[in-house]
Amino acid sequence: MTSVPSLAATVHQRVADALSAALPEAAAADPLLRRSDRADFQANGVLGLAKKLKGNPRELAATVVAGLPVGDVISEIEVSGPGFLNITIADSAITSTLAARAADDRLGVPYAENPGTTVIDYSQPNVAKEMHVGHLRSTVIGDAIVQILEHRGETVIRRHHIGDWGTQFGMLIQYLIEHPHELDHASDATAGDGEGEAAMARLNRLYKASRALFDSDEEFKTRARNRVVALQAGNTETLGLWHKIVDESKIYFQDVYEKLDVEIDDEDIVGESAYNDDLQSVVKDLEDSGVAVRSEGALCVFFDDVKGPDGNPTPLIVQKSNGGFGYAATDLAAIRDRIGKLKADTLLYVVDARQALHFRMVFETARRAGWLPDDAARQLAFGTVLGKDGKPFKTREGETVRLVDLLDEAIDRATDVVREKSEKLDLSEAEIVERGTQVGIGAVKYADLSTSMSRDYIFDLDRMVSLNGDTSVYLQYAFARIQSIIRRAGDVRPAAHPDLPLAPAERAMGLHLDEFSDVLAGVAETYEPHKLASYLYQLASHFTTFYDQCPVIKAGSPEIVENRLFLCDLTARTLRQGMSLLGIRTPERL
């Protein structure tokens with residue numbers, strides 16, 4: 001692996017060195033380098049520094065320019081306006097830097113200097129319940145962040161905090177005891193469906209039947225409540241049936257994850273039940289330390305800045321007055337486990353923004369108790385998926401949209417698009433379906449990941465599978481077009497020629513390609529995958545301009561053909577790597 005400094009980093013350092021040489025007292029000054037439409041880069045730091053030192057900004061800028069070498073990296077530098085530095089990069093430097101990136105399997109992207117251990121909590125479905133559109137964002141965002149952090153060299157421990165404990169299991173288990181064949185596979189009328197769909201059909205049937213009996217039969221209701229006590233006490237028969245329900249749900253979960261093209265390992269599914277043995281200890285330690293106090297029989301943690309509509313403090317309830325435990329106790333036990341046993345440096349929670357207050361109170365409680373270092377935990381709060389009417393996405397009947405139905409529709413729509421556009425490719429029906437699946441799932445993921453996670457977004461399949469605009473389909477077709485060019489080039493191979501001058505579209509695409517490493521570093525630092533999506537869309541747009549303005553195979557001289565094939569190939573590799581980190585496939589023929 002070869003780490004390749006970006007041209008921006010090289011220029012930044014050179015301007016900083018020139019500033020320091022011109023003004024030794026400004027050794028730590030930031031040149032404030034940024035991309036510019038007046039040149040390749042503009043450095044604005046001289047202006048502020050001159051103002052601070054009460055000097056003439058243009059004179060200081062001229063002194064800095066005199067100390068900047070021109071030739072190998074910088075081809076031209078001029079003072080603009082009151083003291084801005086407009087910097088143009090040499091064509092040869094662009095091509096040479098890209099050649100160094102192309103020679104490395106990681107495209108010159110370095111590993112993090114001091115990687116740590118991150119535990120990321122994402123995709124938290126509930127046992128015996130169907131996954132719905134609300135589970136989409138946590139799963140897709142969490143998976144992308146995992147891939148990006150691991151690519152940077154971070155040790156990442158995945159945790160799926162599924163809802164696998166609670167009073168509803170008393171009802172389900174008691175019904176199973178009285179109707180022992182309810183979850184038998186042979187009794188399932190939907191056996192022709194996928195295994196996960198069949199599992200969910202069985203669980204739905206169990207839930208509806210047990211709920212109907214619970215609501216209509218007081219004696220069954222009493223038996224169900226007693227069964228909760230037996231479950232919490234570890235009764236063997238009760239635990240066995242509980243495991244059966246959990247395992248049935250996992251079959252369904254994995255079916256949905258497979259369709260979503262997300263890898264979830266069973267060992268990473270650590271639900272609420274995993275922390276049961278620590279809950280009494282959590283309560284005792286909080287009460288003994290005075291972090292939590294009893295209020296009307298419940299164990300509570302109070303906060304000066306958290307009050308209800310009536311102006312009274314709203315506490316975090318760790319233990320209810322009847323002795324039961326809520327989400328707070330389980331979340332606190334999970335923090336102790338992740339920091340204490342898993343030795344995490346950072347805890348990330350990819351959870352709906354509507355739970356922000358809960359997690360703020362949980363994190364503060366853990367800090368007060370000494371279980372959580374300052375700034376070690378962070379909620380990556382995401383917004384809501386909306387329908388075209390701008391309201392939370394529902395079916396026409398007002399029901400929550402099943403995630404599997406949404407994915408199936410996206411695949412169907414995308415398959416139609418692929419079939420329409422692939423007539424010249426002579427694809428088999430199986431190939432069309434495979435690519436339709438990759439395009440459909442990619443469309444759903446990209447629509448989510450290209451939106452800042454804190455914002456709501458409208459789920460619009462027509463726009464998502466469009467070949468035009470900021471969509472994954474646009475990126476996938478750019479990648480496929482490059483593969484087509486390389487195939488048509490035959491025996492001519494991509495090769496960099498730093499001595500060749502670059503056309504404007506080549507320069508623009510080359511400079512953007514060089515930013516890939518810096519973009520990935522920033523995304524990993526701030527956990528903002530939408531910035532990677534934005535970078536990839538801009539790259540595909542640069543390629544479209546390049547394709548329109550710069551003939552490749554018919555470019556003229558063999559050297560220009562090879563150099564443009566080189567630019568195409570590196571663009572394709574960058575698109576493929578970036579989209580892979582977002583969990584999106586890149587078919588070679590579309």
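## A helix pair near the C-terminal end of the numbering

Helix α18 (residues 516-526) and helix α19 (residues 529-549) have axes that come within 8 Å of each other and cross at roughly 160 degrees. Angles over 145 degrees count as roughly antiparallel, and α18 and α19 are therefore roughly antiparallel to each other. The crossing in which α18 passes α19 is right-handed. Please keep in mind while looking around that this is a predicted model.

## The cavity

Helix α19 turns up again in the lining of the largest cavity, where α14 (429-449) and α19 are the elements that give two or more residues. How many cavities of 30 Å³ or more are there? The count comes to one, and the largest cavity has a volume of about 40 Å³.

Its lining is made up of I141, D448, L449, T451, M453, E528, P529 and H530. Sorted by class, the lining of this cavity has four nonpolar, two polar and two charged residues.

## The largest pocket

Now to the open spaces. The largest pocket has a volume of about 1100 Å³. It is lined by 45 residues, and the closest to its centre are Q124, N126, H132, G134 and H135. Two or more lining residues come from each of α5 (134-151), α7 (195-216), α11 (327-341), β10 (346-352) and α12 (356-368).

Which of these elements gives the largest share of the lining? That is α11, with five residues. By class, the lining of the largest pocket holds 17 nonpolar, 15 polar and 13 charged residues.

## The second largest pocket

The second largest pocket contains about 880 Å³ of space. Of the 30 residues lining this pocket, W165, G166, T167, Q232 and F325 lie nearest its centre. At least two lining residues each are supplied by α8 (218-232), α10 (276-289) and α11. Helix α8 gives the most to this lining, with five residues.

Helix α11 is thus worth a look from both sides: it supplies at least two residues to the lining of the second largest pocket, and it also provides five residues to the lining of the largest pocket. The lining of the second largest pocket divides into nine nonpolar, 15 polar and six charged residues.

## A four-stranded parallel sheet

Strand β10, which gives two or more residues to the lining of the largest pocket, also belongs to an open sheet of four strands. The order in this sheet is β6-β5-β10-β11, and the pairing is parallel. At the edges are β6 (155-159) and β11 (377-382), each of which pairs on one side only. With direction ignored, neighbouring strands of the sheet are turned by 20 degrees against each other on average.

Within the sheet, β10 and β11 run parallel and are joined by six bridges. One place to see this pairing is L347, whose bridge partner in β11 is A377.

## An antiparallel hairpin

Strands of a sheet pair through backbone hydrogen bonds, either parallel or antiparallel. The antiparallel sense can be seen in strand β3 (residues 74-80) and strand β4 (residues 84-89), which pair over six bridges. Here I77 has I87 in β4 as its bridge partner.

What lies between the two strands of this hairpin? Three residues separate β3 from β4, and G81 in the turn has a positive phi of about 60 degrees.

How values were computed:
Residues numbered from 1 in each chain as written. Predicted model: local features only at pLDDT ≥ 70, side-chain atom pairs only at ≥ 80, totals over all residues. Heavy atoms only, no water. 1 Å grid on protein atoms, 1.4 Å probe; cavity = no way out; pocket = protein on both sides within 12 Å on 5 of 7 lines; lining within 4 Å. Points joined across faces, edges and corners; volume = space filled by probe spheres on them. Nonpolar A, V, L, I, M, F, W, Y, C, P; charged D, E, K, R; others polar. Pairing = 2+ DSSP bridges. Axes fitted to C-alpha atoms, helices over the stretch in contact; angles between N-to-C directions. Parallel < 35°, antiparallel > 145°, perpendicular 65-115°, else oblique. Left-handed = near helix turned anticlockwise from the far one by under 90°.
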